[in-house]
Structure formats: C-alpha cells, structure tokens
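Please keep the sequence and the coordinates side by side while reading. The paragraphs below go from the ligand outward, and then to other parts of the chain.

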Amino acid sequence: MEGKWSVYFQNPEFIEQTRMSMALPEYKPLIRKWCGIRDGAEVLDVGCGTGYFARLLAGGDEDVTVTGIDRDDIFIDYAKRKASEESLDIDFVLGDALHLPFEDNSFDVVGSHTFLTSMPDPKGAFDEMKRVVRPGGIIASVTSMSFYPPGISLGIYPEECDVWKKEMDTLLIRLTRAYMKIDPISERASGVAPAAVPHFFAEQGMERVSAYPVGHMVSVSNAAMPVEDKVRWIELYRESEIKKLDAFMELPEMSEMFSPEEAVRYRELLDRKCDFLLSDLTENRIWDWRGNANLLVTGIKPVE
Ligand SMILES: C[S@@+](CC[C@H](N)C(=O)[O-])C[C@H]1O[C@@H](n2cnc3c(N)ncnc32)[C@H](O)[C@@H]1O
C-alpha cells in the first residue's frame with residue numbers, strides 16, 4: 001500500500017468515529033493489564049494513526065511513557081492535538097514501521113492496533129517490533145473483525161422514516177459501489193488475516209502467545225451506550241461522511257458513476273438522518289448498528 005491512509009482510506013474523523021466502537025470502557029483496564037502496562041513501562045504504538053491505542057494505553061492509572069509512530073503526517077498532527085486535548089503526554093513521531101528509529105531492546109511493550117492486518121509486509125514490521133522490545137517484554141496486537149450484517153447495516157427504522165430512508169440507502173449503495181471500483185478493499189486487507197494473528201505471533205518465535213476477545217457494538221438505541229457517546233458518535237458520523245463524500249467527488253472517475261446532483265441530495269438526506277437520530281436517543285427505537293469483534297493477541301519476546 002502506497003500513499004496516505006488518511007487521504008485514500010479513512011480520514012482522521014472517520015477513524016476516530018469507528019474507534020469509538022472498538023472497546024467498551026470496562027475493557028480498557030483489562031486491555032492495559034493484558035498488554036503488560038505497569039508503572040515505569042516504556043511503551044510504543046506502531047502504525048498509531050490518530051493515536052487511539054496509544055491514548056488507551058496511556059490513559060490508565062499507571063505511570064507510563066508512551067510513544068506512537070506512523071508514516072502519515074496528517075495522522076501524527078491529529079494524534080498530537082487529540083492527546084493534548086485529553087491532557088495525555090504522548091510522544092508522536094513521524095516514521096516508518098519498517099525502519100523504526102529506536103535502539104534495540106528499548107521498550108517494555110510494543111503494541112499495534114489494526115496495523116499488522118493491513119500492512120503489506122507484516123513480517124518486516126514484526127521483525128522491527130521484535131528488535132526494539134526488550135527480552136521478556138510484550139508485543140501486543142489488536143485486530144478488528146468488523147461485522148455489518150447485510151440488511152441490518154442499513155438500519156431498522158420506524159415506518160415514518162420509510163420515504164427518506166429508502167432514497168438515502170439507494171444513494172448510499174450507489175456511492176459505495178462506485179467507490180469500491182476505485183478503491184478495492186483488497187488494498188486495505190493486505191496484511192495478516194485477523195484470525196491468523198496468534199499463529200503469526202507463534203511463527204515469529206514469540207512465547208506464551210495469548211488471545212483475548214474484546215468487542216463492542218454501537219447503536220443509538222443501545223442502553224449500554226452513554227447518551228453523550230451517542231451524540232458524539234452521530235456528530236462524528238455526519239462530519240466524516242461529508243469529508244468522505246467531498247473527497248470522493250474530487251476523484252475524476254467519480255463523475256461518471258455518481259453525479260454532483262446526487263452528492264447534494266445525499267448530503268441533504270444525511271442531515272435529515274442525523275437530525276432524526278439526535279431527536280430520539282431512547283432505547284429500542286432505531287436499531288442501526290455497527291459491531292466489532294476484536295482480538296487482542298500478545299506474546300513475550302524470549303530471553304536468550
Ligand atoms: C488501519 S490504520 C490503523 C491506525 C491506528 N492504529 C488505529 O487503529 O486507529 C493503519 C495505520 O498504519 C499506518 N502505516 C501503514 N504502513 C506504515 C509504515 N510502513 N510505517 C508506519 N506506519 C504505517 C497507516 O498510516 C495507518 O495509520
């Protein structure tokens with residue numbers, strides 16, 4: 001994969017919005033524990049993107065030093081801003097995972113989040129992760145196995161929404177098909193298959209390879225989700241859809257598949273949908289959901 005992830009695949013707002021559904025707050029202390037986060041630990045997040053995982057690892061009670069590295073400057077700038085907004089002291093560095101600018105054996109924990117599963121050269125990246133982690137230290141990788149069941153992914157809405165919802169879904173399907181012709185998904189799924197990550201860790205010589213399930217589901221009708229998170233999710237969804245649409249419409253190939261008039265109409269309908277969602281966040285009304293079954297895989301670098 002060449003080029004910028006933030007421009008071609010997922011812009012920073014989109015990635016943050018999808019990350020909201022990555023781990024329930026209750027899981028976060030467990031994730032830190034399973035990754036070996038403890039007082040004094042020096043931690044690296046490889047392919048950190050907007051810094052979601054680095055913030056999760058730095059966000060507990062433990063006194064840790066966290067560094068994030070990514071080759072995409074748009075993500076690094078965003079990650080710095082976001083961490084400072086949350087008063088987290090994380091060092092975000094622009095650099096290549098295949099040539100980590102760190103000494104051998106310099107971290108206690110080297111993590112990555114949905115990185116090995118999208119990296120065309122996962123072995124090259126893993127060799128580097130293994131080089132910079134101390135003997136007895138932990139390499140941790142979260143993989144995402146998103147699920148969007150057809151039929152449900154477009155949402156179950158009250159009858160009063162039928163007219164605008166059907167029009168919007170038709171446009172969304174056309175838009176998605178057009179985009180998939182330009183950006184085949186295979187480009188984004190070029191690393192280790194999610195289910196194969198534990199085996200991959202073992203093949204790379206890691207010891208005590210362990211796998212933990214961490215999942216979450218977002219729905220504006222889900223009683224398990226705090227109302228302020230629902231509102232934030234909807235606003236981020238609106239913002240990221242508009243950014244994606246604008247970026248798609250700038251591609252010369254799009255004009256033959258999705259007209260500017262359709263784009264204007266899609267934006268109107270998107271506003272209508274978001275306003276409707278915000279108008280009623282009560283339970284059991286709208287089941288428009290997105291789920292993630294994540295796997296956290298950890299392994300220990302052998303002490304020679
Ligand atoms: C699926 S995104 C995951 C981002 C982030 N870890 C998260 O979960 O939100 C994959 C990330 O890997 C980064 N990446 C891909 N190849 C890289 C390389 N050779 N060196 C550094 N970063 C790389 C991309 O820029 C992108 O931010």
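A convenient place to begin is H113, where an N or O atom of the side chain lies 2.7 Å from an oxygen atom of the ligand. The model is a predicted one, and this distance, like the others that follow, is to be read with that in mind. A second side chain, that of T114, places a polar atom 3.1 Å from an oxygen atom of the ligand. With A97 the partner on the protein side is the backbone instead, for one of its N or O atoms is found 2.8 Å from a nitrogen atom of the ligand. There are 17 residues around the ligand, and those that come nearest are R19, G47, D70, A97 and H113.

A97 deserves a further look, since it can be followed from the ligand into the surrounding chain. This residue sits in the loop that runs between β3 (90-94) and β4 (107-113). Is A97 buried or exposed? Its relative accessibility is 11%, and because buried means under 20%, A97 counts as buried. Leaving aside residues up to four places away in sequence, A97 touches V46, F115, A125 and E128. One of these partners, A125, is 28 residues apart from A97 along the chain, yet the C-alpha atoms of the two are separated by 5.7 Å.

A comparable description can be given for S6, which belongs to helix α1, spanning residues 5-8. Its relative accessibility of 6% is under the 20% limit, and therefore S6 counts as buried as well. The side chain of S6 is joined to that of D72 by a polar contact of 2.8 Å. D72 also appears among the residues that S6 touches beyond four places in sequence, together with N11, P12, I74 and F75.

The last part of the tour concerns a pair of helices. Two packed helices are described by the angle between their axes and by the distance between those axes. For helix α2 (residues 12-19) and helix α9 (residues 227-250), the axes come within 8 Å and cross at roughly 145 degrees, and the crossing is left-handed. On the α2 side the contact is made by E13, F14, E16 and Q17, which meet R232, W233, L236, Y237, E239, S240, K243 and K244 in α9. Sorted by class, the residues in this contact are 4 nonpolar, 2 polar and 6 charged.

Terms used. Residues are numbered from 1 along each chain as its sequence is written. This is a predicted model: local features need pLDDT of at least 70, side-chain atom pairs count only at pLDDT 80 or more; totals for chains, interfaces and linings use all residues. Side-chain values use heavy atoms; hydrogens and water are left out. Helices (H or I, at least four residues) and strands (E, at least two) are DSSP runs, numbered from the N terminus. Buried means under 20% relative accessible area, exposed over 50%, partly exposed in between (1.4 Å probe, protein chains only). A polar contact is a pair of N or O atoms within 3.5 Å; within protein, one must be able to donate a hydrogen and the other to accept it, and residues adjacent in sequence count only if both atoms are side-chain atoms. Contact means heavy atoms within 4.5 Å. Axes are lines fitted to C-alpha atoms, for helices over the stretch in contact, and angles run from 0 to 180 degrees between N-to-C directions. A crossing is left-handed if the near helix is turned anticlockwise from the far one by less than a right angle, and right-handed if clockwise. Ala, Val, Leu, Ile, Met, Phe, Trp, Tyr, Cys and Pro count as nonpolar, Asp, Glu, Lys and Arg as charged, and the others, Gly among them, as polar. A residue is near a molecule or strand if one of its heavy atoms lies within 4 Å of it.
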